[in-house]
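Please work through the exercises below with the sequence and the coordinates at hand. Each task is followed by a solution in steps.

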Amino acid sequence: AAPAGTVRLSFTAPAESPAPLAGLYAVQYATVAGAAYSTATAQVLVTTSGVTAGAVQTIAAAGLDANTTHYFRLWTRDAGLNWSPSSNEATVATLAPAVTGAQLSGVFFTSATASWAALPALPSSASAAGYILEASTASDFTGPVLSSSTTNPSLSTLTVQGLSPNTTTYFRVSSFNPVSAKTLSASLGPNSTLASLPYGIA
């Protein structure tokens, strides 16, 4: 995954005669939909030298605001300095910053609580749309995953329920952005939930 503040755009190189291409790609981005787009104000320029028509291309736009929806358009310029029409408008939300200081503050029979240093509520580029605490008996979090989440960026603790007693369990805390894409902050564990109390003793 791209780090917070970076977006990778993928597309197919257009046909050009003669091939290969010998010009530029231009990318412009904005944080409002339907912005005025122009090659003169494009923030990213990448040479197309040696690019083969039909090849999959990837361009990284870095230094963007984190936790923010961005809108992108792309143009191609040929060796004769002619610009293509703009591409479709692509919409991408950058990842939220990772939280710090995550730790398990309590592990019980069927639940566990984690805490962390909450991100600031403002500006939104330094914040998150929310947080999620996940638990799994698999270290790679394959199979069933239990979770608890919040959309309050000021919250600094969550409790996940429904764990099995006396079971080795792995935990992780993530922030997430406006489209719920997660930024993994910390893996916590393994930890064992408490064993069930004995019962029926006469």
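The exercises that follow concern a predicted model.

**Exercise 1. Determine which side chains meet that of Glu134 in salt bridges, and where the partners lie.**

Solution.

Step 1. Locate the residue. Glu134 belongs to strand β9, which spans residues 130-136. Its relative accessible area is 7%. Since the cut-off for a buried residue is under 20%, Glu134 is classed as buried.

Step 2. List the contacts. When neighbours within four places in sequence are set aside, Glu134 is in contact with Phe141, Val145, Leu146, Ser147, Tyr170, Phe171, Arg172 and Lys182. For Phe171, the C-alpha to C-alpha distance to Glu134 is 5.6 Å, although 37 residues separate the two in sequence.

Step 3. Apply the distance criterion. A salt bridge requires a side-chain nitrogen of Lys or Arg within 4 Å of a carboxyl oxygen of Asp or Glu. The side chains of Glu134 and Arg172 satisfy this at 2.8 Å, N to O. Glu134 lies in strand β9 and Arg172 in strand β12, so this pair ties together parts that are 38 residues apart in sequence.

Step 4. Treat the other partner in the same manner. The side chains of Glu134 and Lys182 form a salt bridge at 3.0 Å, N to O. This pair also links distant parts of the chain, with Glu134 in strand β9 and Lys182 in strand β13, 48 residues apart.

Step 5. Describe the surroundings of the partners. Arg172 is buried, as is Glu134. Lys182 is partly exposed, with a relative accessible area of 37%.

Step 6. Assemble the result. Two salt bridges are found in a search of the whole structure. Glu134, Arg172 and Lys182 are linked in a network of salt bridges.

**Exercise 2. Identify which members of the largest nonpolar core touch the most other members, and which strands supply this core.**

Solution.

Step 1. Rank the members. The largest nonpolar core has 18 residues, and those that touch the most other members are Trp116, Leu133, Val160, Phe171, Val173 and Leu188.

Step 2. Assign the strands. At least two residues of this core come from each of β8, β9, β11 (157-161), β12 (168-176) and β13.

Step 3. Check for a separate core. Apart from this core lies another, of 14 residues, including Phe11, Val27, Ala61 and Phe72.

Step 4. Examine one member in detail. Beyond residues up to four places away in sequence, Trp116 touches Val99, Thr100, Gly101, Ala102, Tyr131, Leu155, Ser156, Thr157, Leu158 and Val173.

Step 5. Examine a residue of β8. Ser115 lies in strand β8, residues 111-117, and is buried, with a relative accessible area of 17%. With neighbours within four places in sequence left out, its contacts are Gly101, Ala102, Gln103, Ser105, Ser156 and Thr157.

**Exercise 3. State which residues make the nonpolar surface patch of about 250 Å², and establish whether Leu194 is buried, partly exposed or exposed.**

Solution.

Step 1. Name the residues. Phe108, Phe109 and Leu194 make this patch.

Step 2. Place Leu194. This residue is in the segment after β13, a strand that covers residues 182-192.

Step 3. Classify Leu194. Its relative accessible area is 39%. The class between under 20% and over 50% is partly exposed, so Leu194 is partly exposed.

**Exercise 4. Find where Leu122 and Pro123 are joined by a cis peptide bond, and describe the phi values of Asn67 and Ser180.**

Solution.

Step 1. Recall the general expectation. Most residues other than glycine have a negative phi, and most peptide bonds are trans.

Step 2. Inspect omega. The peptide bond between Leu122 and Pro123 is cis, with omega about -5°. Pro123 is in the loop between β8 and β9.

Step 3. Inspect phi of Asn67. The value is near 55°, which is positive in a residue other than glycine. Asn67 is in the loop between β4 (56-61) and β5 (69-77). With a relative accessible area of 9%, Asn67 is buried.

Step 4. Inspect phi of Ser180. This residue is not a glycine, yet its phi is positive, at about 70°. Ser180 is in the loop between β12 and β13.

Technical notes. Residues numbered from 1 in each chain as written. Predicted model: local features only at pLDDT ≥ 70, side-chain atom pairs only at ≥ 80, totals over all residues. Heavy atoms only, no water. Patch = residues over 30% accessible without salt bridge, like charges linked within 9 Å, V, L, I, M, F, W, Y side chains within 5 Å. Areas by Shrake-Rupley, 256 points an atom, 1.4 Å probe, with all protein chains shown as cover. Helix = DSSP H or I, 4+ residues; strand = E, 2+ residues; numbered from the N terminus. Buried < 20%, exposed > 50% of the residue type's maximum accessible area, 1.4 Å probe, protein only. Contact = heavy atoms within 4.5 Å. Core = buried A, V, L, I, M, F, W, Y, C linked by side-chain atoms within 4.5 Å.
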